[in-house]
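Got the viewer open? Here's a walk through the fold, one selection at a time.

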Amino acid sequence: MGLSLATAEKWVERWELQQQRYAVDREDRFTVIADVVEHITAGRTDRPLILDLGCGPGSLAARLARRLPDADMVAVDRDPLLLELARTHHADAARYVEAVIGEDGWTQALGLDRPLDAAVSTTALHYLSADALHRVYGHLAVLLRTGGVLVNGDHLPQDDAVLAEVAGCVGRRRAERQRALAHEDWGSWWAAVGEDPELADLLAERRSRQPSTGTVGGAARLALSDHVRLMRRAGFERVGVVWQYGDSHVVVAIR
Ligand SMILES: C[S@@+](CC[C@H](N)C(=O)[O-])C[C@H]1O[C@@H](n2cnc3c(N)ncnc32)[C@H](O)[C@@H]1O
């Protein structure tokens, strides 16, 4: 079922533009996450071990691999099509694992051989319900070494409805100024994928997967404060926002 390099490159490049519609500050956020991980792993003598949660076609893993060439990267996602794009286009960046984050056995599926130095994620954890996130943050607190870090870059609304609207507006205005809304959207990207014969088998495999606990019905949209509370409850002592633009945040939780 191997994909050609050219096909994978084309769809990953289209993915990057499509995702900019939703996270116009995507590159800044990737850079900030790499800054945090570099800081936390500085001075370590062994190879840092990093986990990318909801890696999609490997966008964050690839950037981290460039910034931290001495790190070992494991990247997990539930989507067989996106994973195949990652395995083909960003083959050397990470070891890619198919698993549903939060489902029984997902941490064993990762095949980790030592404690994690960092767990990172972009635009993915908002798919999880509060129950699933509570479990997952608990699992990550166990998988991370003491002093290790969880770094989540995602759109996380404020509690206050009016502030949430203002923050959303700030993000939309930036997207308009940068003409990010001219890029194709999520639905158009998937519709176009559906017309590529080279992706037909992967798409059929994707469709055969049943929705699973914690991700049913798409985005759960918990507030920033919910994430912070769930991280603290999972045992992370230091939790805070280190970067923000509109409702786009990078939240850091240290074990
Ligand atoms: C919007 S994409 C972001 C992908 C990538 N992190 C990026 O920034 O381009 C969200 C990803 O999260 C994955 N995802 C959502 N819920 C998941 C779960 N419970 N287990 C594994 N992957 C999940 C989806 O399959 C998808 O690849």
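Start by selecting Leu49 and showing its surroundings. This is a predicted model, and in it Leu49 counts as buried because 23 other C-beta atoms lie within 10 Å, where 20 or more is the cut-off. Which residues does Leu49 touch, leaving aside its neighbours within four places in sequence? Light up Asp72, Leu112, Arg114, Leu116 and Asp117: those are its contacts. Now put a distance label on Leu112: its C-alpha atom sits 8.8 Å from that of Leu49, although the two are 63 residues apart along the chain.

Next, widen the selection to residues 49-53. That's strand β1, the one Leu49 belongs to. Add residues 116-122 and you have β4, which runs parallel to β1 and is joined to it by 4 bridges. To see one pairing, pick Leu53: its bridge partner in β4 is Ser121. In general, strands of a sheet pair through backbone hydrogen bonds, either parallel or antiparallel.

Switch to cartoon and zoom out to the whole sheet. It's an open one of 7 strands, and you can read across it as β3-β2-β1-β4-β5-β7-β6, with mixed pairing. Select 95-98 and 238-245 to find the edges, β3 and β6, each of which pairs on one side only. Going from one strand to the next, the twist averages 15°.

Now for the helices on the sheet. Select 59-67: this is α3, lying across β1, β2 (72-77) and β4, and running at about 175° to β2. Then take 130-143, helix α6, which also packs on the sheet. There it touches β4 and β5 (144-155), and its direction makes about 145° with that of β5.

Move on to a helix pair: color 80-89 (α4) and 200-208 (α9). Their axes come within 8 Å and cross at roughly 140°, which makes α4 oblique to α9. Show side chains for Pro80, Leu81 and Glu84 on α4, then Leu202, Leu203, Glu205 and Arg206 on α9; these residues make the contact. What classes of residue are in that contact? There are 4 nonpolar and 3 charged residues, and no polar ones.

Last stop: the ligand. Select it and bring up its shell, where 20 residues surround it. The closest are Gly54, Gly56, Arg78, Ile101 and Ala124, so label those. Color the shell by class and you should get 8 nonpolar, 9 polar and 3 charged residues.

Technical notes: Residues are numbered from 1 along each chain as its sequence is written. This is a predicted model: local features need pLDDT of at least 70, side-chain atom pairs count only at pLDDT 80 or more; totals for chains, interfaces and linings use all residues. Axes are lines fitted to C-alpha atoms, for helices over the stretch in contact, and angles run from 0 to 180 degrees between N-to-C directions. Helices (H or I, at least four residues) and strands (E, at least two) are DSSP runs, numbered from the N terminus. Angles under 35 degrees count as roughly parallel, over 145 as roughly antiparallel, 65 to 115 as roughly perpendicular and the rest as oblique. Two residues are in contact if their C-beta atoms, placed from the backbone, lie within 7 Å. Ala, Val, Leu, Ile, Met, Phe, Trp, Tyr, Cys and Pro count as nonpolar, Asp, Glu, Lys and Arg as charged, and the others, Gly among them, as polar. A residue is near a molecule or strand if its C-beta atom, placed from the backbone, lies within 6 Å of it. A residue is buried if 20 or more other C-beta atoms lie within 10 Å of its own, exposed if 12 or fewer, and partly exposed in between; C-beta atoms are placed from the backbone. Two strands pair if DSSP finds at least two bridges between them.
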